Amino acid sequence: MAAQRTLRVTLVTHYYPAHRGGVERVAGQLAERLAAAGVARIDWHASDCDPPPVAAGLTAVPAPACNALERAAGIPYPLWRPAALRRLVRACRESDVVHLHDCLYLQNVVAFLAARRARRPVLVTQHIGHVPYRNALLRGLQHAANRALGRLVLGGADQVVFESETVRRYFSGFVGFRRPAVRVQNGVDTQRFQPAPEKERYACRQRLGVPADKPVLLFLGRFVEKKGMPVLRELAQRLPQIHWLFAGWGPLDPASWRLPNATVVQSPATEELGALYQAADLLVLPSVGEGFPLSVQESMACGTPALVGADTAAGCPEASGVLLSERVGGATAERWAMRIQSLLDAPDALAGLRPRVAAFARKQWSWEECVARYSALLRACAE
């Protein structure tokens, strides 16, 4: 059999993995693994807010950008300079496939239009659905943008991939796809994220400065509204006997709450995440409008159960037997506090869930399977 040629792929994301968000970290793992497998040579265009990655087969093309929206309001929407957009248009014209992560970013729309004009195929991975912001203006703008740009970019792409069943259902309600959209679950690095023995878990707590004799609940992610920070603040106040570990960054910084039962780890590096998951008894994520967050997958790979919103849990139906969920909306903090208390009142049952969630993560979230699926999809687009 003749060897398959290596594709030239232009990859577009809003940030590079050093920004620490789940979307860009997933994009980075996927790109590095596709390049290492010889599937593609990848030119990766992303904002210059963070150091670019260095990997064989990957050429980073940092785009000068203004990131004021994220700094001021926690909205990760960098605006690229015209010169960066012109360079992106040229790259799209010379590609075998253009791969976009999400449809709402201006640079992704520009890349889509450039690829269509040059008759280059486009694959879009859509991570995020509808975010029900409290602010009516933001909520309305996002709804209108999803309708307009979702129909344009997702409806015009040669292939659309969703990581979450919830997000797939949302966009399928108003987008007509050129080919049937597919769901491909993100992989998890189970070499880095794996269970630790009890002795090591308590050593992690000691290094983090959290109590060894109290339940420890973890939130890991951006400190922004959609992640459920107002709910988490109320939960920490309602449950003072529990120690809360907040790891992340953003404008709604829990350090400003000055709670005696909370430890805040600012902007943890990727190398620190495993110890954070291993130290916790439970990951708590009352977020809305997400796909299926990488933090949930990584936590479960470390053996730490996760309690997430019902919509988030619906994004991965296969996990229903090992993923804990509760509805978000209407007296959320009261309802979640009762659920958390009931879980902690049965510590043996919660501890017994740890090997089950770890086994599920190892079996279900394989990077090898994820890369194989994307390899086939990219080649189908190129052909």
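**A colleague's note on the two sheets and what packs around them**

1. A good place to start is strand 1 (residues 7-12), where five of the six residues are buried, leaving the strand mostly covered. Please keep in mind as you read that this is a predicted model.

2. Strand 1 has a partner on each of the two sides described here. With strand 2 (residues 40-47) it pairs in the parallel sense over six bridges, and Arg8 has Arg41 of strand 2 as its bridge partner. With strand 6 (residues 97-101) the pairing is again parallel, this time over four bridges. Along that second join, Thr10 stands opposite Val98, while Leu11 has His99 as its bridge partner.

3. The route from strand 1 to strand 2 is worth tracing on your screen. Together with helix 1, these two strands make a β-α-β unit, and the unit is right-handed.

4. Stepping back, these strands belong to an open sheet of seven, arranged in the order 3-2-1-6-7-8-9 with parallel pairing. Strand 3 (58-63) and strand 9 (182-183) are the edge strands; each has a single partner strand, so one side of each is left without a neighbour in the sheet. As a reminder, strands of a sheet pair through backbone hydrogen bonds, either parallel or antiparallel.

5. Helix 6 (residues 165-172) is the one to look at next. This helix lies across strand 7 (122-126), strand 8 (159-162) and strand 9, and its direction runs at about 135° to strand 8.

6. Now for the aromatic rings. The whole structure contains 13 aromatic pairs. One of them is Phe162 with Phe171, a stacked pair at 6.2 Å centre to centre with 20° between the planes. Phe171 also pairs with Phe174, and that pair is tilted, with 5.7 Å between centres and 55° between planes. Ring pairs link Phe162, Tyr170, Phe171, Phe174 and Phe177 into a cluster.

7. Are the phenylalanines of these two pairs buried or exposed? Phe162 is buried, with a relative accessible area of 0%, and Phe171 is buried with a value of 0% as well. Phe174 has a relative accessible area of 11% and is buried too.

8. The model has another open sheet, made of six strands in the order 12-11-10-13-14-15, with parallel pairing. Its edges are strand 12 (262-266) and strand 15 (324-326), each with a single partner strand, so one side of each has no neighbour in the sheet. From one strand to the next the twist averages 25°.

9. The joins in this sheet can be followed residue by residue. Strand 10 (residues 216-222) runs parallel to strand 13 (residues 282-285), and two bridges join them; here Leu218 stands opposite Leu283. Strand 13 is in turn joined to strand 14 by three bridges, also in parallel, with Val284 opposite Leu307. Strand 14 and strand 15 pair in the parallel sense over three bridges, and Leu307 has Leu324 of strand 15 as its bridge partner.

10. Two helices pack against these strands. Helix 8 (residues 229-238) lies across strand 10, strand 11 (243-249) and strand 13, at about 155° to strand 11. Helix 12 (residues 332-344) packs on the sheet and touches strand 10, strand 11, strand 13, strand 14 (306-309) and strand 15. The direction of helix 12 makes about 155° with that of strand 15.

11. Which residues of helix 10 are buried? They are Leu294, Ser295, Val296, Gln297, Glu298, Ser299, Met300 and Ala301. That is eight of the eight residues of the helix (residues 294-301), so helix 10 is largely enclosed by the rest of the structure. The cover over these buried residues includes helix 1 (22-36), strand 10, helix 9 (270-279), strand 13, strand 14 and helix 13 (347-364).

12. Helix 10 also has a place in the chain path worth checking. The chain crosses from strand 13 through helix 10 to strand 14, and this β-α-β crossover is right-handed. Following helix 10 comes Gly303, whose phi is positive, near 85°.

13. One last side-chain detail to inspect: Arg20 has its charged end over the ring of Trp249, 4.2 Å from the ring centre.

Methods:
Residues are numbered from 1 along each chain as its sequence is written. This is a predicted model: local features need pLDDT of at least 70, side-chain atom pairs count only at pLDDT 80 or more; totals for chains, interfaces and linings use all residues. Side-chain values use heavy atoms; hydrogens and water are left out. Two strands pair if DSSP finds at least two bridges between them. Axes are lines fitted to C-alpha atoms, for helices over the stretch in contact, and angles run from 0 to 180 degrees between N-to-C directions. Contact means heavy atoms within 4.5 Å. Buried means under 20% relative accessible area, exposed over 50%, partly exposed in between (1.4 Å probe, protein chains only). A crossover is right-handed if, with the strands pointing away from the viewer, the path from the first strand over the helix to the second runs clockwise. Rings of Phe, Tyr and Trp (its six-membered ring) pair if their centres lie within 6.5 Å; planes under 30 degrees apart count as stacked, over 60 as edge-to-face and the rest as tilted. A charge sits over a ring if NZ of Lys or CZ of Arg is within 6 Å of the ring centre and within 35 degrees of the ring normal.
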